[in-house]
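The exercises below are meant to be worked with the coordinates open in a viewer. Try each task before reading the solution that follows it.

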Amino acid sequence: MAERGTNRSPETGAFFQRDRQWHPPAFTPNYKSSVLRSPQKALLSFDNTLSELTGPVFGHAMLGELDNDLIHNFAKAGESAIGERIIVHGRVFDERGKGVPGVLLEFWQANAGGRYRHKKDGYLAPLDPNFGGCGRTITGEDGGYAFRTVRPGPYPWPNGPNDWRPAHIHFSVFGHGFAQRLITQMYFEGDPLIWRCPIVGGISNKEAIEALIASLDMQSTIPMDALAYKFDIVLRGRRSTLFENRPEGN
Amino acid sequence: MAQSLDRLKESPSQTAGPYVHIGLTPNFCGIGGVYASDLGSTMLNGETRGERIELRIRVLDGTGTPLKDALIEIWQADAAGFYNSPAELRGTADPNFLGWGRQPTDMETGVCLFRTIKPGRVPFRDGRLMAPHITLWIVARGINLGLHTRLYFSDEEKANAEDPILARIEHRLRVPTLIAERQGDAYVFDIHLQGEKETVFFDS
């Protein structure tokens, strides 16, 4: 069975083992919310079964015209969100360095003042009536994606007495297998708050943190309109099935 | 030095945070007009084959308090045991069932409700059948990397007894942490993040 709309054979190999030293551990006490929400017992490890290898397909047809434009997708006609206009673009790869097409990317963020449109957010910075804060897109054949938004503001949060989140955009990444499911956050090059953040600090490896920092990309800006940041994302790679035993007879 | 393997590292995870709803269920949290509906909120239509069931899932922290800001995604086979996925090579799944759903926990009660069908059995890697199950992925504020586990069914005792994944659980008293209790047409399932009743989470 070929993948929908292409003549590629679907890949069915198991995913590479996740490097749990590279990810933040469950228990990161400087991020207080993790203390009572972190499993403490050993995980049950096993090679992927069909339940982890498979995953749903999201077609480009589900996307609305403004889904990848946060400047306009919540704004009144003729108006737009307030803030530093930016384009965020990049590619989704897997660990083998292959671009991954058909990945559903969903993003959400605070407005330019650092305020979320959510009833649980009581920060005194005002809401922007023209900014909702969500968007989505699906990667193209080479794994590429892009969207427009405003740069989110940093904001204080109740953790330590004076903790601030660096400016960030949340990304939900839906690859081909359910075992690739990932949520992460994108930070901005040069933001000094990155290195003071208890959530970022849950990641112990500096190189891993740097993998979440988008670079200013002057070659992708639109003059007199928007700056641009490049943010690549990497999903788990998968083994070749060439040498795998397939006793179920595929 | 030997040759480089030229592999990339997976992007490190970061918590979904308290405002995950804005991105993944915007209509649920009052951001209307951007998407027609929240993705994954409806799993069934009139043509979907299989026994209608309801899942009532809660996620409890180390004090036993239900999380009210979590989000759960489920992934399952159709009633005949086929996944609606390009990587499903054994046959074609029910075209009226994607098998994927997404729901937030209720902001007052902490209950996460899915209306779906009972999945069929899917083979393990060696061809033995696994018991009917649903894969779960749980994210929330305070969870640094999405948690992966499964929901099995209390009225599938025989299948559960021969399930190759359940069989791998060394401490047998933890097996029930993966089994949802049938109550009428519903299955009730509590996920314990910590403590004596900590759910068995997976690394797969």
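## Exercise 1: a loop residue in chain A

A:Asp217 is found in the loop between strand S10 (213-216) and strand S11 (227-230) of chain A. The model is a predicted one, and the model scores are ipTM 0.97 and pTM 0.96.

**Task.** Determine whether A:Asp217 is buried, partly exposed or exposed, and find which residues beyond its neighbours within four places in sequence are in contact with A:Asp217.

**Solution.** Step one is to count the other C-beta atoms within 10 Å of A:Asp217, which gives 18. Step two is to compare that count with the cut-offs, where 20 or more means buried and 12 or fewer means exposed; A:Asp217 is therefore partly exposed. Step three is to set aside the neighbours within four places in sequence, after which A:Asp217 is in contact with A:Ala228, A:Tyr229 and A:Lys230. Step four takes one of these partners, A:Tyr229, which is twelve residues away along the chain, and finds 5.2 Å between its C-alpha atom and that of A:Asp217.

## Exercise 2: positive phi outside glycine

**Task.** Locate A:Met224 and B:Asp6, and establish for each whether the residue is buried or exposed.

**Solution.** As background, most residues other than glycine have a negative phi. Step one places A:Met224 in the loop between S10 and S11 of chain A, with a positive phi near 65°. Step two counts 5 other C-beta atoms within 10 Å of A:Met224, so this residue is exposed. Step three turns to chain B, where B:Asp6 is found in the segment before helix H1 (20-24) and has a positive phi of about 55° although it is not a glycine. Step four finds 7 C-beta neighbours inside 10 Å for B:Asp6, which therefore counts as exposed.

## Exercise 3: a covered strand in chain A

**Task.** For strand S3 (residues 104-108) of chain A, work out how many of its residues are buried, which way they point, and which strands are joined to S3(A) by bridges.

**Solution.** Step one checks burial along S3(A), and five of its five residues are buried, so that the strand is mostly covered. Step two sorts the directions: A:Leu104, A:Glu106 and A:Trp108 point one way, whereas A:Leu105 and A:Phe107 point the other way. Step three follows the pairing to strand S4 (residues 134-138) of chain A, which runs antiparallel to S3(A) and is joined to it by five bridges; here A:Leu104 stands opposite A:Ile138. Step four follows the pairing to strand S8 (residues 168-174) of chain A, again antiparallel and with five bridges, where the bridge partner of A:Leu104 is A:Phe174.

## Exercise 4: where the chains meet

**Task.** Describe which elements of chain A touch chain B, and identify the sense in which S1(A) pairs with strand S9 (residues 202-203) of chain B.

**Solution.** Step one counts the residues in contact, which are 80 in chain A and 67 in chain B. Step two lists the elements that give two or more residues to the side of chain A touching chain B: strand S1 (44-45), helix H1 (50-53), S3, S8, strand S9 (182-188) and strand S12 (233-235) of chain A. Step three sorts that side by class, giving 34 nonpolar, 28 polar and 18 charged residues. Step four examines S1(A) and S9(B), which pair in the parallel sense over two bridges, with B:Asp203 as the bridge partner of A:Ser45.

## Exercise 5: the open sheet of chain B

**Task.** Give the strand order of the open sheet of eight strands in chain B, and explain why strand S3 (100-104) and strand S4 (112-117) each have one side without a neighbour in the sheet.

**Solution.** Step one reads the order as S3-S2-S5-S6-S7-S8-S1-S4 (chain B), with mixed pairing. Step two notes that S3 and S4 of chain B stand at the edges, and because each has a single partner strand, one side of each is left without a neighbour in the sheet. Step three adds the twist, which averages 30° from one strand to the next. Step four looks at strand S5 (residues 133-139) and strand S6 (residues 147-153) of chain B, an antiparallel pair with six bridges, in which B:Ile138 stands opposite B:Leu147.

Key
Residues numbered from 1 in each chain as written. Chains lettered and ligands numbered in written order. Predicted model: local features only at pLDDT ≥ 70, side-chain atom pairs only at ≥ 80, totals over all residues. Helix = DSSP H or I, 4+ residues; strand = E, 2+ residues; numbered from the N terminus. Pairing = 2+ DSSP bridges. Contact = placed C-beta atoms within 7 Å. Nonpolar A, V, L, I, M, F, W, Y, C, P; charged D, E, K, R; others polar. Axes fitted to C-alpha atoms, helices over the stretch in contact; angles between N-to-C directions.
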